[in-house]
Amino acid sequence: MSDATTRPRSSLTDRLLNGVETAGNKLPEPFMLFLILFAVTGIVSTAMAWAGVVVTVPGSDEPTVIKGLFTGEGLTWLTTTLGENYIGFPPLVTVLPILLAIGIAQHSGLLAAAIRKLFGSSPAWLLPYVVGFVGVVSSIMADSAFVVVPPLAALVFKAAGRHPVAGLLGGFAAAGAGYSTNIFPTSLDALFAGITTSVMGALPGLETTPVNPVSNWFFNIASSLVLGVVAGFIIDRILEPRLNRQGISRDQVETEDAENGAGDDAEQMRAKLSPTENRGLLVAVLAAVVLTVVFLLAVLTPDSPWRNEEGGFLPKSPLLSSIVFIVVAYFIVLGLAYGVVTGTLRSTRDAVRMMTDSLKEMLPFVVLAFILGNFIALFNWSGIGTWIAVTGAAGLEGIGLTGFPAVLGFILLASCLNLFIISGSGMWAIMAAVFVPMFALLGYEPAFTQAAFRVGDSATQVITPMNPYMIVLLGMLRKYEPGAGLGTLMARMLPFVVPFWIVWTVILAVFFVADLPLGPGNGIFLG
């Protein structure tokens, strides 16, 4: 009786979050999840093949016959194409070269120095908006953003006389809730584009615009700028005032040793750039200018080999097919320029080490790509993807759910799944296999479906306990607020989720209604 009366009652929020955590923990890890999906697809395709299921893509004269994995033809297909399905998986072709280049830019110190420069040169009143913008675009550093941006933001906030916890939490929220967008092409763009391209094999007769790492670039630029302002507004007007009202400490609980007195000052000094680092950034900028001039001279001449047969660049041209090379060139040249000047890169051996370290961080995906590539290949080869797309599109049209309402339903589904499946590439592989062909039959370009997925993919990942970096952030927060728990974090992150979701959806709606290009050569509607 005493235990029952003294035990604190959990709130509705706590129960919901506990439910998310429990359900998420029951999911198998990604490799096993896709192995199960591969087996299920094999069984279902075999049953449909035995039943003689066929499907006709609208506009096509030839029906698609469903083929089963566990048949003579299916087993022969698998044993002869297993390696090809893996090595030919499009994301590997685009992601790995970009990762090598980003490795030099990141491990030479260029990316972190650029972030510190933006923080350190901002006046106190502008800091929330700088943190919001930098947080949103910090996905260029991949998952490192979750570890680098929050503590740096806390340091500069405190140095400017503002609440450090507001910088800490705001930096994390902006990095997480806006993870799927950036003003720069990143490895995530290459990853998404590769998956999108790979699933379009389900509708071989449909004419769509090829998807590349900059197919959502215009949409990403608009999203990054607007979401950066939104994040800054929330930090400035909602998060920081609430922290002040709650009386959350501005100082870390741990006391500094006497010999480390003025420890905060030392940390603030480390948050600033040294003269050598400033010189490195200047040289990197000059290198970017020179490289841009070289590219412009190469492609703008009338007889440039990077033009298409009509003498232009859109919708297809060697230039657009060279996007991966261009991104790689910028990251390598800028990273080398910075590293040579600052001394972080002294020889070819250093560059190789940096690229190796970058690939090491991606090894889990390289392993996952083995089953991912084979799963999507089976989905396309069996014809199940075609059948689902045609049947699903007909069903949506039958109930009148077409146009932007159907897109909203797709975004909402992605946001809900994101509570349980944190891996954006894993979730996109599952959803793209179904929705890219389905929405193509409804008249939408694959690049648009990919853009819609970005909206639903990020916002909710800052409130789910399945995000491993939430635990890292909790450790940082407890230096200021020892009693903070996971529920504390969720409550502080929630004000970012709904505004990000709504504003980002509105941006997509503007592009949709105005029929604006999402990126070079990529529109919204087929034809």
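**Figure 1. A close-up of helix 16, residues 384-398.** With 15 residues, helix 16 reaches 21 Å from its first C-alpha to its last, close to the 21 Å expected at 1.5 Å a residue (expected span: 1.5 Å times one less than the number of residues). Helices here are DSSP runs of H or I with at least four residues, strands are E runs of at least two, and both are numbered from the N terminus. This is a predicted model, where local features need pLDDT of at least 70 and side-chain atom pairs count only at pLDDT 80 or more, while totals for chains, interfaces and linings use all residues. Residues are numbered from 1 along each chain as its sequence is written, and side-chain values use heavy atoms, with hydrogens and water left out. The buried residues of helix 16 are Ile-384, Gly-385, Thr-386, Ala-389, Val-390, Gly-392, Ala-393 and Leu-396; buried means under 20% relative accessible area, exposed over 50%, and partly exposed in between (1.4 Å probe, protein chains only). They pack against helix 3 (30-50), strand 1 (54-55), strand 2 (64-65), helix 15 (348-382) and helix 18 (424-441), where a contact is heavy atoms within 4.5 Å. After helix 16 comes Gly-400, with a positive phi near 80°.

**Figure 2. A nonpolar surface patch with Leu-35 in it.** Met-32, Leu-35, Ile-36, Val-40 and Val-44 make up this patch of about 370 Å². Patch residues have over 30% relative accessible area and no salt bridge; like charges are joined within 9 Å, and nonpolar side chains (Val, Leu, Ile, Met, Phe, Trp, Tyr) within 5 Å. Areas come from the Shrake-Rupley method with a 1.4 Å probe, and for residues only the protein chains shown count as cover. Leu-35 sits in helix 3 and counts as partly exposed because its relative accessibility is 35%.

**Figure 3. The salt bridge between Glu-277 and Arg-116.** The closest N and O atoms of this pair are 3.2 Å apart; a salt bridge needs a side-chain nitrogen of Lys or Arg within 4 Å of a carboxyl oxygen of Asp or Glu. The pair links distant parts of the chain, with Glu-277 in helix 13 (residues 275-300) and Arg-116 in helix 6 (residues 110-120), 161 residues apart. Glu-277 is buried at 18% relative accessible area, and Arg-116 is buried too, at 15%. The structure holds 9 salt bridges.

**Figure 4. Arg-454 meets Asp-189 in a salt bridge.** Here the N to O distance is 2.6 Å. Arg-454 belongs to helix 19 (residues 446-458) and Asp-189 to helix 10 (residues 187-199), so their salt bridge ties together parts that are 265 residues apart in sequence. Both Arg-454 and Asp-189 are buried.

**Figure 5. A salt bridge within helix 15, from Asp-350 to Arg-353.** The N to O distance for this pair is 3.7 Å. Asp-350 and Arg-353 are separated by about one helical turn because they are 3 residues apart in helix 15. Asp-350 is buried, with 16% relative accessible area, whereas Arg-353 is partly exposed at 40%. Elsewhere, Arg-162, Asp-236, Arg-237 and Glu-240 are joined into one network by salt bridges that share partners.

**Figure 6. Ser-187 and its contacts.** Ser-187 lies in helix 10 and is buried, with a relative accessible area of 14%. Leaving aside residues up to four places away in sequence, Ser-187 touches Val-95, Ile-98, Leu-99 and Ile-102.
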